[in-house]
Amino acid sequence: MDVVAMHMSDGLLDARTSLAFFVVAALGLAVALRRARSELDERTAPLAGLVAAFVFALQMINFPVLPGVSGHVLGGALAAVLVGPATAALCLTVVLVVQSLLFADGGLTVLGANVTNMALLGVLAGYGTAVALRPLLRRYPCGPALGVISFAAALVATVAAATGFLVEYAVGGTAGSAGTVAAFLLGTHVLIGAGEGFVTAVTVVAVARARPDIVHLLRPLRPPTRAPA
């Protein structure tokens with residue numbers, strides 16, 4: 001069975017495009033590293049490690065999408081909703097680096113493009129969707145609406161990452177027509193995004209019902225803490 005996932009392999013982009021997206025990834029991660037400090041505290045820092053390990057494990061599991069096609073969870077929206085977008089970008093980057101070095105899942109020469117698509121574009125699109133829909137949670141923060149929002153965020157994140165791939169391939173692809181790739185890739189990743197949405201919704205709701213205080217998306221919905229008199 002052929003696996004359709006977002007990981008690019010070596011040689012898929014020309015050298016100039018690969019180098020350009022290494023620069024884009026480095027700049028994005030520099031911003032994420034600075035902003036992650038405001039997202040983490042003594043309660044959520046351990047969760048970030050668990051999220052990175054969980055996403056790594058999920059990405060190793062493929063599920064059928066179409067005959068001859070399978071996909072896997074990208075995890076950007078899941079990580080962003082739980083630990084925040086900056087921390088999620090760092091978590092996804094660690095996962096991608098380990099996969100490329102130890103499992104040859106994604107080439108080293110296109111690591112910048114993979115990080116840009118999954119750790120930056122996917123995370124930002126997914127978290128932006130969740131924030132836009134967050135007003136639905138004001139009455140019942142841990143209710144069914146949280147699952148719907150998580151599903152939508154994961155679907156949008158997956159399509160955004162696929163779109164990033166297509167833009168990069170149109171700029172510097174080396175293996176065929178970008179139009180032919182686009183027609184198949186976007187349709188397939190809508191289905192993959194639906195599978196990811198289900199996994200994300202179940203996971204986020206489970207965590208929120210057990211420990212709503214550590215879910216980053218729910219922070220603005222918590223009552224303010226009063227200082228002692």
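1. What does the accessible surface of the chain come to, and what share of that surface belongs to carbon and sulfur atoms? In this predicted model, the accessible surface comes to about 10,800 Å², and carbon and sulfur atoms account for 71% of that area. Of the 229 residues in the chain, 47% are buried.

2. On the overall build, the chain holds seven helices and three strands, and, read from the N terminus, these elements follow one another in the order β-α-α-β-β-α-α-α-α-α. Among the contacts in the chain with a separation of 6 or more, 77% are between residues that lie 24 or more positions apart.

3. On confidence, the chain has a mean pLDDT of 85, with 86% of its residues at 70 or more. The lowest confidence falls in strand 1 (residues 2-3), where the mean is 42, while the highest falls in helix 3 (residues 76-83), at 96. Over residues 225-229 the pLDDT is below 50, and in the model this stretch has zero contacts beyond near neighbours in sequence.

4. Helix 3 deserves a point of its own. Eight of its eight residues are buried, so the helix is largely enclosed by the rest of the structure. The residues concerned are Gly-76, Ala-77, Leu-78, Ala-79, Ala-80, Val-81, Leu-82 and Val-83. Directly after the helix comes Gly-84, which has a positive phi, near 100 degrees.

5. Turning to the surface, a nonpolar patch of about 620 Å² is made by Met-60, Ile-61, Leu-101, Leu-102, Phe-103 and Leu-108. One of these residues, Met-60, sits in the loop that links helix 2 (45-59) to strand 2 (63-66). Is Met-60 buried, partly exposed or exposed? Met-60 counts as partly exposed because its relative accessibility is 38%, a value between the 20% under which a residue is buried and the 50% over which it is exposed.

6. How many disulfides does the structure hold? The count is zero, a disulfide being a covalent bond between the sulfur atoms of two cysteines. As for individual cysteines, Cys-91 counts as buried because its relative accessibility is 8%, whereas Cys-142, with a relative accessible area of 22%, is partly exposed. The value for Cys-142 should be read with the cut-off in mind, since a residue is called buried under 20%.

How values were computed:
Residues numbered from 1 in each chain as written. Predicted model: local features only at pLDDT ≥ 70, side-chain atom pairs only at ≥ 80, totals over all residues. Heavy atoms only, no water. Patch = residues over 30% accessible without salt bridge, like charges linked within 9 Å, V, L, I, M, F, W, Y side chains within 5 Å. Areas by Shrake-Rupley, 256 points an atom, 1.4 Å probe, with all protein chains shown as cover. Salt bridge = Lys/Arg side-chain N within 4 Å of Asp/Glu carboxyl O. Helix = DSSP H or I, 4+ residues; strand = E, 2+ residues; numbered from the N terminus. Buried < 20%, exposed > 50% of the residue type's maximum accessible area, 1.4 Å probe, protein only. Disulfide = S-S within 2.5 Å. Contact = heavy atoms within 4.5 Å. pLDDT = per-residue confidence, 0-100.
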